[in-house]
Amino acid sequence: MTSITHSKSWIKLKKHHDEFSNSHMRDLFNDDPDRFNKFNLQFDDLLYDFSKNIVSQDTLNLLYDVAKEAHLSDWVNTLFNGEKINFTENRAALHIALRNRSNKPILVDGKDVMPEVNAILEKMHLFSEAIRNGKTKGCTGKKFKTIVNIGIGGSDLGPAMVCNALKSYGHKDITPIFVSNVDGSDISQALEKCDPETTLFVIASKTFTTQETMTNAFSAREWLLNELSNEDAIKHHFVAISTNESAVKAFGIKADNMFTFWDWVGGRYSLWSSIGLSIAIYIGMDNFEDLLLGAHEIDNHFKNEPLEKNIPVTLAMIGIWYINFYNYNTLSVLPYDQGLSLLPSYLQQADMESNGKFIGRDGKKVCLHTGPIVWGEAGTNGQHAFYQLIHQGTDIIPTDFIMPIKSQYKIGRNGEKHHKILFSNFVAQSRALMLGKTEDNVRAEIKDNEGNKNIEEMIPHKSFEGNRPSNSFLFKELNPKSLGRLLAIYEHKVFVQGIIWNINSFDQWGVEYGKQIASLVLPVLDQNTQADNFDSSTDHLINYFKKNI
Ligand code: F6P
């Protein structure tokens, strides 16, 4: 396929950008007081306001035309039909099957995967309920109170983010702890909080070979055996989630305590699978199934809605507009909800590990920008860290503001007060970024507030260019279903952008090279001789480490 940049609609869009790029949102809003009503979409209680973007209806129409010329709907069918869209690993990417609550057959290699998906969900249901109601106990007969999920990347970020977001749904006597880093302080700090008799270890690893996870798993195993001095302990206190049955068996985990999933589930798309076991234990299977339902609803929306009514498509194409026409190559995700504080990290993997690619599906170097640098922080904290740059920096950073209208927590009479303060900041920031503040505004403000001292000198420092675009998402409350919807919107947004860029969003060869070199360095650290066969920097760093460890 020739690059999308040669398509008719892309060329028209380029011309449109040349004419339109000097537009300021301040004027777009002044010229059309009804702008919001033209540029928002709603899905049940989820409101997506995209009016604070530097777009006109012509812009959007041309963006949707680009999606059509990229044959997006064909690719959506390819994805949903379980075809091998991940061609470099010869795999489907069927995370939608994991939450296919309609139970309509979905075939991989001619076989309906739904019976085995449902069998694993049932196994998760039975197991998580038995942990929660205390029927399944540790080897000394005590109920489990701590779940230590040992995993990294998609085997950590999803479960950790969901458990953090849905704490108010969590079992009051069960505490989830997430260990991911191979830095010994991670597992050590976790084990300090654990009572061996009441701790269940969930080893989450698709491959069951990831160095960090297996190092932590063996350390946890050693700790438990030392603490309980009972060989039987492993059978009672360890479960595994993996596709690698032989490696799980070799670790000593019994088959009943192994939860499988499939190679057509990418790590960063796996929280909907048995990788979500920690979630199901913490919030209960009913709530886990609501999470699946929310995602399933968006899957249907994404598959069936026309482009101009399609939330993931609109979000994606507005991102394309900034990345490929304005060269705004980062995206900040700013959830105004402390429970969503791990969402930016989760979306970093979802987006950057999917679309951080420079080679297209045709094996050639792409000729356009691809995946953005995704980052962010819960509001209002970010306002006291990096909003100076977002407002007055030389880089323009498109932002996604996200906020549930109701808080999960009520602090006595003040419960509402906290949330109203939070919301006033949520909505103020996107307005300030859009509107900016002209030098005239500043001049008038200073005159009113500070008399006439050194006004002219201060004006430039207190002015704001504005025209900094944002998307705003508002929904009634953060619950399993609304969270499932939000995550699926971003998953499909990433997919759409990958199709426009003609890259494979489902492999991750880029993570291998560093691991490869690390495996060459590790043995050198145990040798008595000095390192001298890498490069002068690496050799000196290794030798300095060996000298001082
Ligand atoms: O970051 C590379 C990666 O393969 C991710 O895609 C994956 O989520 C993570 O490592 C962990 O892999 P595993 O679940 O196989 O341990």
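When I say two residues touch, I mean they have heavy atoms within 4.5 Å of each other. Keep that in mind for Leu343, which touches Met161, Val333, Ile402, Leu486 and Leu487, leaving out residues up to four places away in sequence. And before I go on: this is a predicted model.

So, where does Leu343 sit? It belongs to the largest nonpolar core, which has 121 residues. Along with Trp264, Leu483, Phe495 and Ile500, Leu343 touches the most other members of that core. Which helix gives the largest share of the core? That's H15, residues 311–326, with twelve residues. There's also a second, separate core of 26 residues, and Val148, Val179, Trp223 and Leu225 are among them. As background, nonpolar side chains tend to be buried together in soluble globular proteins.

One of the Leu343 contacts, Val333, takes us to strand E10, residues 330–335. Five of the six residues in E10 are buried, so the strand is largely enclosed by the rest of the structure. E10 runs parallel to strand E11, residues 373–376, and four bridges join the two. If you want to find the pairing on screen, look for Val333 opposite Gly376 of E11.

Next, the five-stranded sheet. It's open, the pairing is parallel, and the order is E6-E5-E7-E8-E9. Strand E6 (175–179) and strand E9 (258–260) are the edges, each pairing on one side only. From one strand to the next, the twist averages 20 degrees. At the E9 end, three bridges connect E9 with E8, residues 238–242, and the two run parallel. Ser242 is the residue across from Thr260 in E9.

Two helices I'd like to show you pack on that sheet. Helix H7, residues 114–132, touches E5 (146–150), E7 (199–204), E8 and E9, and its direction is at about 150 degrees to that of E9. Helix H9, residues 184–192, touches E5, E6 and E7, with its direction at about 160 degrees to that of E6.

Moving to a helix pair: H5 (residues 72–80) packs with H14 (residues 285–304) at an angle of about 145 degrees, and their axes are 10 Å apart. H5 brings Val76, Asn77 and Phe80 to the contact, while H14 brings Asp299, Phe302 and Lys303. By class, that's three nonpolar, one polar and two charged residues.

Asp299 comes up again with Arg99, since the two are in contact. Arg99 is in the loop between helix H6 (95–98) and strand E3 (107–108). Buried or exposed, this arginine? Arg99 is buried, with a relative accessible area of 0%. Besides Asp299, and not counting neighbours within four places in sequence, Arg99 contacts Trp272, Leu292, Ala295, His296, Ala488, Glu491 and His492.

Last thing, cysteines. How many disulfides turn up in a search of the whole structure? Zero. Why doesn't Cys163 have a bond? The closest cysteine sulfur to its own is in Cys194, 15 Å away, so that's too far for a bond; the cut-off for a disulfide is 2.5 Å. Cys163 is buried, at a relative accessible area of 3%. Cys367, on the other hand, is exposed, because its relative accessible area is 55% and the line for exposed is drawn at over 50%.

Notes: Residues numbered from 1 in each chain as written. Predicted model: local features only at pLDDT ≥ 70, side-chain atom pairs only at ≥ 80, totals over all residues. Heavy atoms only, no water. Buried < 20%, exposed > 50% of the residue type's maximum accessible area, 1.4 Å probe, protein only. Pairing = 2+ DSSP bridges. Axes fitted to C-alpha atoms, helices over the stretch in contact; angles between N-to-C directions. Nonpolar A, V, L, I, M, F, W, Y, C, P; charged D, E, K, R; others polar. Core = buried A, V, L, I, M, F, W, Y, C linked by side-chain atoms within 4.5 Å.
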